[in-house]
Amino acid sequence: MLHGQFRPMTAGMFVVVLVSPRVPCLLAALVVFAVSGCDVGADPPTAAPSAEAQVSTGVPSASTSARRLSYTAVNVDLCARTDLGPLADLGVTVTRTDPKPPAGRPGAACLFEMRTKAGYQANLRVEASTPASEGEARLLYRGTRQATGMTSVGAVANVGEEAEAFTKRSEPGFRYAEYMVHARSGNLVVKVWLAVGAASYTPTQTLAGKSLTFLKATQASVPTA
């Protein structure tokens with residue numbers, strides 16, 4: 001009110017409010033609902049980026065930039081590359097090797113036929129298969145469980161994207177203990193089979209430790225394409 005008359009407020013006018021400095025600015029705004037004088041200098045809130053603004057800047061993400069490795073085991077000489085040192089404590093002697101590769105798929109393999117000091121039969125086969133695609137490798141890996149005729153002892157950790165072990169015991173005139181482990185990494189499937197004959201069964205833990213050593217060595221022997 002000016003000189004006894006009411007004068008309408010305009011958008012550019014400020015209304016003086018007798019409010020204690022201790023009263024928060026928000027309370028003053030509530031009392032004088034049309035006043036915009038509670039600006040304390042804060043920047044206006046930043047609007048959320050639009051869908052267009054969130055488009056990739058051209059730097060590939062980890063998921064898109066990571067390239068799946070492709071392995072090729074063709075022409076890998078596993079008979080020459082396989083170190084039989086882990087079998088030294090079993091006292092075995094190699095009588096024959098067979099480098100025949102896996103049937104029906106690209107890869108490499110070696111069968112070591114052996115005899116123990118006591119004259120019992122022992123065998124080691126290392127095999128690396130590299131189908132054309134990861135999908136085919138998965139099918140090969142899963143098919144082993146159905147075709148092996150051995151008893152699964154469960155998954156094996158830290159030797160591939162998926163890995164599993166199997167055991168079998170028989171008595172063909174002596175105690176014959178078998179252990180097999182296979183693992184898949186991308187399109188690479190590696191399988192190790194170790195069997196040892198003796199007067200008593202060779203402990204599964206002994207065969208498992210040696211088989212895993214051969215498995216990891218075979219994986220390392222296969223180059224990427």
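Author: Before we start, one definition: the expected span of a helix is 1.5 Å times one less than its number of residues. Also keep in mind that this is a predicted model.

Reader: OK, what span does helix 5 reach from its first C-alpha to its last?
Author: Helix 5 has 18 residues. At 1.5 Å a residue, the expected figure is 26 Å. The model comes out close to that, with a first-to-last C-alpha reach of 26 Å.

Reader: Let's zoom out. In what order do the elements of the protein run from the N terminus?
Author: The protein has 5 helices and 7 strands to place. Written from the N terminus on, they go α-α-α-β-β-β-α-β-β-β-β-α.

Reader: How are the strands ordered in the open sheet?
Author: The sheet is open, so look for strands that pair on one side only. Those edge strands are strand 1 (93-98) and strand 4 (151-155). From strand to strand the twist averages 15 degrees. With 7 strands in antiparallel pairing, the order is 1-2-3-7-6-5-4.

Reader: Over how many bridges do strand 6 and strand 7 pair?
Author: Strands of a sheet pair through backbone hydrogen bonds, either parallel or antiparallel. One position to find on screen is Tyr176, which stands opposite Gly197 in strand 7. Strand 6 and strand 7 pair in the antiparallel sense, and the bridge count is 11.

Reader: Which helix packs on the sheet at about 160 degrees to strand 6?
Author: Compare two helices here. Helix 5 lies across strand 3, strand 5, strand 6 and strand 7, at about 35 degrees to strand 6. The helix touching strand 3, strand 4, strand 5, strand 6 and strand 7, with its direction about 160 degrees from that of strand 6, is helix 4 (residues 134-147).

Reader: Which strand gives the largest share of the largest nonpolar core?
Author: That core has 32 residues, and Leu78, Leu124, Val126, Ala128, Val181, Val192 and Leu215 have the most contacts inside it. Several elements each supply at least two core residues, among them helix 3 (78-81), strand 3 (121-129), strand 6 (175-185) and helix 5 (204-221). The largest share is 5 residues, and it comes from strand 7.

Reader: Which residues does Leu215 touch?
Author: Leu215 is one of the buried residues of helix 5, along with others including Leu207, Ala208 and Phe214. The cover over the buried residues of helix 5 includes helix 3, strand 3, strand 6 and strand 7. Not counting residues up to four places away in sequence, Leu215 touches Val159, Val181, Ala183, Val190 and Val192.

Reader: Is Thr218 buried or exposed?
Author: Thr218 has its place in helix 5. Leaving aside neighbours within four places in sequence, its contacts are Leu78, Val126, Ala128 and Val190. Its relative accessibility is 3%, and the cut-off is under 20%, so Thr218 counts as buried.

Reader: What distance separates the C-alpha atoms of Tyr179 and Ala208?
Author: Tyr179 lies in strand 6 and counts as buried at 6% relative accessibility. Among the residues it touches are Leu207, Ala208 and Ser211, as well as Val192, Trp193 and Leu194. Tyr179 and Ala208 are 29 residues apart along the chain, yet their C-alpha atoms are separated by 6.6 Å.

Reader: Are the rings of Tyr120 and Phe174 stacked or tilted?
Author: This is one of 2 aromatic pairs. It links distant parts of the chain, with Tyr120 in the loop between strand 2 and strand 3 and Phe174 in the loop between strand 5 and strand 6. The ring centres are 5.7 Å apart and the planes sit at 50 degrees; stacked needs under 30 and edge-to-face over 60, so this pair is tilted.

Reader: Which residues do the ring pairs link into a cluster?
Author: Phe174 also pairs with Tyr176, edge-to-face, at 5.8 Å centre to centre and 90 degrees between the planes. Phe174 is buried, with a relative accessible area of 18%, and so is Tyr176 at 8%, whereas Tyr120 is partly exposed at 24%. Together the ring pairs join Tyr120, Phe174 and Tyr176.

Reader: Last one: what share of the residues of the protein count as buried?
Author: For contacts between residues at least 6 apart in sequence, 54% join residues at least 24 apart. As for burial, the protein has 225 residues, and the share that counts as buried is 32%.

Note on methods. Residues are numbered from 1 along each chain as its sequence is written. This is a predicted model: local features need pLDDT of at least 70, side-chain atom pairs count only at pLDDT 80 or more; totals for chains, interfaces and linings use all residues. Side-chain values use heavy atoms; hydrogens and water are left out. A nonpolar core is a set of buried Ala, Val, Leu, Ile, Met, Phe, Trp, Tyr and Cys residues joined through side-chain atoms within 4.5 Å. Buried means under 20% relative accessible area, exposed over 50%, partly exposed in between (1.4 Å probe, protein chains only). Helices (H or I, at least four residues) and strands (E, at least two) are DSSP runs, numbered from the N terminus. Contact means heavy atoms within 4.5 Å. Rings of Phe, Tyr and Trp (its six-membered ring) pair if their centres lie within 6.5 Å; planes under 30 degrees apart count as stacked, over 60 as edge-to-face and the rest as tilted. Two strands pair if DSSP finds at least two bridges between them. Axes are lines fitted to C-alpha atoms, for helices over the stretch in contact, and angles run from 0 to 180 degrees between N-to-C directions.
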